[in-house]
Amino acid sequence: MPQTSHPFAFGRVCVLENALVTSEKLKRVLDAKSAEDALKGLVEIGFGAGEQVTDVYDYEKLIKKDLETAYAFVHDVTPDEEITNLFFYHYDYHNIKVLIKAAILKEDAENLLIPYGTISVDVLKQAVDSHAKVELPPEMVEFIKVCTGESQIEASEIGYLADGALYKQIARELGKIKNKVIRQYFNVQADYNNVLSVLRSRNLNDASLISKAYLPLGNFALDELYDAFEKDNEAFLKFLRMKNVDSGIVEGVEYFFEKGTMSLIEKNKDNYFIKLFKPLSKNPFNIGPVLGYLMAKEQQANIVRLIMVAKINEMPQERVLERLRDLYE
């Protein structure tokens, strides 16, 4: 049950922060001689909230248990549910996507549902089955109606529609939230994702993907992204600098033009959010410490996944180090 006190939440977070996996411990896991040794090392350093696994291909069970425990903690301790819910809405939309695709394909997708959202899976099932005749946010209702109406929607389109509806809901709710850091988080996230969409569209030579994937927050208007699609590399970078976006976007795009991989953009995005919330971690009078802890646990999960995939596939360590994110420490 959500709490009402920021200092209480701060105290609870401080206790758990002391148990976060350090970069030194993760480096030992990365240095392990085999995937089996890496998995054993993860269990030994306490990653996975007590989950016990022995098969290297079960590392996702550790990640799932670790995040499950962290999300339950955030839901329990938050004194600002209207803010922390913003960070869990994407699970609601994920579950709706799964339910709609399962209905279209006439498949059982129960194992793909994720119980971390703000709305119970049972309510969402009811909403999809009834064509949104359930009380839900208006953006969610519209998304379900479009996907379950008489018009035939391609399964591949559902993800784009879900992301657009999600960000419309977040944009509407941000209008009621005064916290500048929260607004900055979602605006910068939209900037990164919109730039990635343009780059993917350029790779496929298909500008139509830009509007499908467009997120209605951040620095970019949709017509600007269409213009950017047509620019050469130098003009594209100049455009980004003029828009005064995060320097990590520019650096990542430069790397993409040079190496052909978007990995640095993704890495810079994740690191940006860690740095955004870290300065708030010692303030006992706002939601910053709770969200910082949430960012820390999700970043930790991303790093563990990267290390285990690399170990299983015997990826050279230098390639792993290129992709490793910063920890919240």
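In this predicted model, the largest nonpolar core has 115 residues. Within that core, the residues with the most contacts are Phe87, Phe143, Ile182, Leu240 and Phe277. Helix α16, residues 288–312, gives the most to the core, with 13 residues.

Phe87 shows how some of these residues meet. Leaving out residues up to four places away in sequence, phenylalanine 87 touches Ile182 and Phe277, both of which are also listed among the core residues with the most contacts. The other residues that phenylalanine 87 touches are Tyr185, Phe186, Leu291, Leu294 and Met295.

Ile182 and Phe277 also take part in the contact between two helices, Ile182 from α10 and Phe277 from α15. Two packed helices are described by the angle between their axes and the distance between the axes. For helix α10 (residues 180–204) and α15, the axes come within 11 Å and cross at roughly 175°. Angles over 145 degrees count as roughly antiparallel, so α10 is roughly antiparallel to α15. On the α10 side the contact includes Val181, Tyr185, Val188, Tyr192 and Leu196, and on the α15 side it includes Ile265, Tyr272, Phe273 and Leu276. By type, the residues of this contact divide into 12 nonpolar, 4 polar and 3 charged.

Helix α15 spans residues 263–277 and also holds aspartate 270. The relative accessible area of aspartate 270 is 17%; the limit for a buried residue is under 20%, so aspartate 270 is buried. Apart from neighbours within four places in sequence, aspartate 270 is in contact with Gln299, Asn302 and Arg325.

Conventions. Residues are numbered from 1 along each chain as its sequence is written. This is a predicted model: local features need pLDDT of at least 70, side-chain atom pairs count only at pLDDT 80 or more; totals for chains, interfaces and linings use all residues. Side-chain values use heavy atoms; hydrogens and water are left out. Helices (H or I, at least four residues) and strands (E, at least two) are DSSP runs, numbered from the N terminus. Buried means under 20% relative accessible area, exposed over 50%, partly exposed in between (1.4 Å probe, protein chains only). Contact means heavy atoms within 4.5 Å. Axes are lines fitted to C-alpha atoms, for helices over the stretch in contact, and angles run from 0 to 180 degrees between N-to-C directions. Angles under 35 degrees count as roughly parallel, over 145 as roughly antiparallel, 65 to 115 as roughly perpendicular and the rest as oblique. Ala, Val, Leu, Ile, Met, Phe, Trp, Tyr, Cys and Pro count as nonpolar, Asp, Glu, Lys and Arg as charged, and the others, Gly among them, as polar. A nonpolar core is a set of buried Ala, Val, Leu, Ile, Met, Phe, Trp, Tyr and Cys residues joined through side-chain atoms within 4.5 Å.
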